[in-house]
Amino acid sequence: DLVRTSKDIFSQKREKFIFIIDEWDSIFRVHRDNATAQKEYLDFLRDLLKGQPYVALAYMTGILPIKKYGQHSALNMFDEFTMLSAGVFAPYIGFTNDEVRLLCSNYNRDYEKVKRWYDGYILEEYQVYNPKAVVSVMLKGTFKSYWSETASYDAIVPLINMNYDGLKTAIIEMLSGDKVKVNVATFRNDTVNFKNKDDVLTYLIHLGYIGYDDVRNAAFIPNEEIRQELKNAVE
């Protein structure tokens, strides 16, 4: 009905639509085992958006990239910007160093402490800070993990317990400050088809629980906030 109605409106008004879809991938995370619903959803998005004359722009946000769904990889008309390849959006995903220095000056906060707690994500040439945490520490002045206010580490405990290829050991190594080699190319962009340690680590990168160094192809714990969350998850 939406496709037909959009076509009818466009044929009369000759004005295109901008589609904005937040958390586009929710069905793949919340209903991870419902392959039938996922297929129907992808078919719907393809029919709604791909090659339609009434579409000016489609902007979708989520955690998972949209490729590698077998024959349903038909949403290939999108440019993707992810935690692995942020492109031109890199400085806008979180606060940059310069922005945090200015905020610390304005709010009289300890810049080095803010950096230790909330910095560490490497996106292109930028060091990026957790935006929610930076806003919270500026307003409240309390250095703690604000991550648990927006996400629960309970979601990643089952992943760690899979312990593919020594996954727990890799997590503990990162907690101690080391970087761990990871092949991000094997990830199938869903939460069901985990085959090895690299798949789980790549998913954790997309979730923001660990950072990624694309020069060294390595995963690491970006800051003290995430270190505390992962420490709780491991325990």
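Ala, Val, Leu, Ile, Met, Phe, Trp, Tyr, Cys and Pro count as nonpolar, Asp, Glu, Lys and Arg as charged, and the others, Gly among them, as polar. Keep that in mind as you look around this predicted model.

**Stop 1: the second largest cavity**

Begin by selecting Met83, Tyr121, Ile122, Leu123, Ile205, Ile210, Gly211 and Tyr212, the residues that line the second largest cavity. The space they enclose has a volume of about 40 Å³. Now colour the selection by class: you should find seven nonpolar residues, one polar residue and no charged ones.

Which elements give two or more residues to this lining? They are strand S4 (121-123) and strand S7 (211-213). S4 provides the largest share, with three residues.

**Stop 2: the largest cavity**

Next, select Met83, Leu84, Ser85, Ala86, Ile122, Leu123, Glu124, Tyr212 and Asp214, which line the largest cavity. Here the enclosed space comes to about 50 Å³. Colouring by class gives six nonpolar, one polar and two charged residues in this lining. While you are here, note that the model has two cavities of 30 Å³ or more.

**Stop 3: helices H5 and H7**

Leave the cavities and show helix H5 (residues 97-107) together with helix H7 (residues 131-140). Their axes come within 10 Å of each other and cross at roughly 15°. Angles under 35 degrees count as roughly parallel, and H5 and H7 are therefore roughly parallel to each other. If you turn the view to look along the crossing, H5 passes H7 in a right-handed way.

To see where the two helices touch, display the side chains of Val100, Leu103, Cys104 and Tyr107 on H5, then those of Val134, Met138 and Leu139 on H7. What classes of residue make up this contact? Seven are nonpolar, with no polar and no charged residues taking part.

**Stop 4: Leu175 and its surroundings**

Now pick Leu175, which lies in helix H9 (residues 167-175). For a sense of distance, draw a line from its C-alpha atom to that of Val137: the two residues are 38 places apart along the chain, and the C-alpha atoms are separated by 23 Å.

Which residues does Leu175 touch, once neighbours within four places in sequence are left aside? The answer is Ile221, Arg227, Leu230, Lys231 and Val234.

**Stop 5: helices H9 and H11**

Finish by widening the view to H9 and helix H11 (residues 224-234). The axes of these helices come within 10 Å and cross at roughly 145°, and H9 passes H11 in a left-handed crossing.

Show Ile171, Met174 and Leu175 from H9, and add Arg227, Leu230, Lys231 and Val234 from H11, to bring up the contact between them. Leu175, from the previous stop, is thus one of the H9 residues here. By class, the contact of H9 with H11 holds five nonpolar, no polar and two charged residues. In the H5 and H7 contact, by contrast, there were no charged residues.

Key: Residues are numbered from 1 along each chain as its sequence is written. This is a predicted model: local features need pLDDT of at least 70, side-chain atom pairs count only at pLDDT 80 or more; totals for chains, interfaces and linings use all residues. Side-chain values use heavy atoms; hydrogens and water are left out. On a 1 Å grid over the protein atoms alone, a cavity is a set of points where a 1.4 Å probe fits but cannot get out, and a pocket is an open set with protein on both sides within 12 Å along at least five of seven lines; lining residues have an atom within 4 Å of a point. Grid points are joined across faces, edges and corners, and a volume is the space filled by probe spheres set on the points. Helices (H or I, at least four residues) and strands (E, at least two) are DSSP runs, numbered from the N terminus. Axes are lines fitted to C-alpha atoms, for helices over the stretch in contact, and angles run from 0 to 180 degrees between N-to-C directions. Angles under 35 degrees count as roughly parallel, over 145 as roughly antiparallel, 65 to 115 as roughly perpendicular and the rest as oblique. A crossing is left-handed if the near helix is turned anticlockwise from the far one by less than a right angle, and right-handed if clockwise. Contact means heavy atoms within 4.5 Å.
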